[in-house]
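Biologist: Please take a close look at one part of this predicted model, the place where domain 1 meets domain 2. What area is buried between the two, and which residues of domain 1 supply it?

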Amino acid sequence: MTTLTEPASRRPALASSRLRVVLLCDIMDGAQQRFLDAYEQLRHQVAAVPGHVSDQLCQSIEDPSQWLITSEWESAQPFLAWVDSAAHRAMVKPLHGCVRDTRSLRFSIMRETTGTETFDGPAPVTDGIVRHALTFTVKPGSEKAVAQILAGYTSPAARVDGHTRLCRTSLFMRGNRVVRAVEVSGDLGAALRHVAMQPEVRSVEEAINPHLEEARDLGDPESARSFFMRAALPSVHHLARDGAPAELSRHALLYPVRMGCGAALAGLLARQDQLAMDEKSNALAASTIFQREDTVVRLVDLTAPPESVPRLALGIVGPRAAGVLSRLVELGGHELRTDAAIGRFLGECAMSLVTDRRAKDA
C-alpha cells in the first residue's frame with residue numbers, strides 16, 4: 001500500500017505539473033442570477049481553451065453571496081497564456097457587473113491520492129518566498145532616460161503587514177524591454193498593491209508613463225488591471241542550492257525565443273538547471289525561470305563571472321543541450337559549438353542590471 005508518508009522516491013510522479021486555479025467571488029446583492037447566467041456562458045468558452053481540464057462552481061453554505069470557481073489545467077503555461085490574453089479580458093466582462101470583489105489563487109498540484117496510490121508533482125518551494133516578474137517595453141530612444149528614472153527612486157517600506165513583506169527587487173533592461181523581478185514573503189497580491197500605493201513608487205511610474213510603448217493609466221482600475229495582466233511574467237521554475245555563500249552576483253538572460261517555443265525552452269532550462277544543481281560543485285547558486293508565452297527570462301545567482309562559465313550561465317550544461325537550445329531560439333548567426341561561440345551568444349542574451357535592492361533583514 002502506498003501512503004502519504006511513503007518516501008517521495010518510491011511514489012510515482014504525476015504525468016505533468018497540473019494547475020489548480022481558485023477564484024473567490026463576492027457577488028453583489030440581487031445579482032446572483034446574472035452571475036449564474038454569465039458563468040453558464042463563460043464555462044462553455046473556457047472549456048474550449050487548450051489545456052483546460054475541468055471546473056466547478058460552488059456556493060458558500062454560510063454566506064450565499066460568496067461563490068467559488070475552481071478549475072484544473074494541464075499545466076500553468078496554457079492557463080497563464082489564456083488569462084493574460086485580450087480574449088480572456090473580453091470573455092470575463094459579463095462578470096464585472098455582478099461581482100463586488102474577486103481573488104484569484106493558483107496552485108500547482110503537488111500530491112494526489114487515488115484509491116491506494118499517491119502521485120507526486122514537482123518539488124515544492126520550501127523557502128516561503130513568492131517570485132514574480134513584470135515586463136513591458138518603452139519607446140526606442142528612451143532607454144537611457146527610463147533606466148535613470150528606474151535606478152533613482154527611493155525604496156518603499158519593506159513591511160506590508162504582519163504576514164507580508166518585500167524581500168528583494170531586481171530590475172533589468174535589454175534594448176527597450178524592462179523586466180522587474182520581485183521576491184515577496186507572504187501575499188504577492190498584497191505586496192503589489194502596497195507598492196503601487198507608495199508615493200515614491202507612484203512618482204516613478206508617472207515619470208515613465210510618457211516613455212511606454214503601450215499607454216496605461218494606473219489611476220483607472222480597469223486600465224491598471226489590464227496593464228498588470230499584460231505585464232505579468234510568472235515564475236515557472238525555481239531552484240536554489242542549500243548553504244550558498246552570501247556574496248553572489250545576479251544576472252538575467254532574455255532569450256530570443258522562436259515562435260511557439262516558449263514553454264519548451266522553459267522546460268529545457270529547468271532540466272538543465274536541475275542537472276547543474278545535482279553536481280553541487282559549480283558556480284550556480286540559484287535559478288528562477290519566468291515565462292509567459294514566448295517571453296522567457298532566466299534569473300541566476302552565480303559565484304563566478306558568467307563569462308567564465310558560459311555554458312552554466314546560459315543554461316546548457318548537458319551534452320546535447322546546445323543542439324536543443326539551437327532549435328528553440330533565434331541564434332542570429334551564432335553557432336553553439338564552442339565555449340567562445342556560446343560566450344558570444346550569452347552576451348546577446350544578457351540583460352543590463354538597473355538596480356538590485358534587498359530589504360535590510362532579508
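Modeller: Between domain 1 and domain 2 about 530 Å² of area is buried, and carbon and sulfur atoms give 46% of that figure. On the side of domain 1, the three residues that supply more than any other three are D84, R89 and H96, which together account for 72% of the area that domain 1 buries against domain 2. Counted by contacts, six residues of domain 1 touch seven residues of domain 2, while the centres of domain 1 and domain 2, taken over C-alpha atoms, are separated by 27 Å.

As for the kinds of interaction, the count of salt bridges between domain 1 and domain 2 is zero, and the search for residue pairs in polar contact across this interface, with both residues at pLDDT 80 or more, likewise finds zero. In the whole structure, by comparison, 16 salt bridges are found. One of the salt bridges joins R20 to E72, with 3.2 Å between the closest N and O atoms; this pair links distant parts of the chain, since R20 sits in strand β1 (residues 19-27) and E72 in strand β3, 52 residues apart.

To place these elements along the chain, the domain assignment gives domain 1 as 19-120, domain 2 as 131-232 and domain 3 as 235-354. The unreviewed UniProt entry carries the annotation "domain: ABM" for residues 19-110, and in the model that span is 37% helix and 38% strand, with its end C-alpha atoms lying 9 Å apart.

Strand β3, which holds E72, also has a partner strand: β2 (residues 52-59) and β3 (residues 66-73) pair in the antiparallel sense over seven bridges. The two strands β2 and β3 form a hairpin, with six residues between them, and within this pairing Q56 has T70 of β3 as its bridge partner.

Terms used. Residues are numbered from 1 along each chain as its sequence is written. This is a predicted model: local features need pLDDT of at least 70, side-chain atom pairs count only at pLDDT 80 or more; totals for chains, interfaces and linings use all residues. Side-chain values use heavy atoms; hydrogens and water are left out. Two strands pair if DSSP finds at least two bridges between them. Helices (H or I, at least four residues) and strands (E, at least two) are DSSP runs, numbered from the N terminus. UniProt positions are given in the numbering used here, feature names are shortened, and annotations may be inferred rather than shown by experiment. Domain bounds come from an automatic or database domain assignment. Contact means heavy atoms within 4.5 Å. Buried area is the accessible area (1.4 Å probe) that two parts lose on being put together, summed over both. A salt bridge is a side-chain nitrogen of Lys or Arg within 4 Å of a carboxyl oxygen of Asp or Glu. A polar contact is a pair of N or O atoms within 3.5 Å; within protein, one must be able to donate a hydrogen and the other to accept it, and residues adjacent in sequence count only if both atoms are side-chain atoms.
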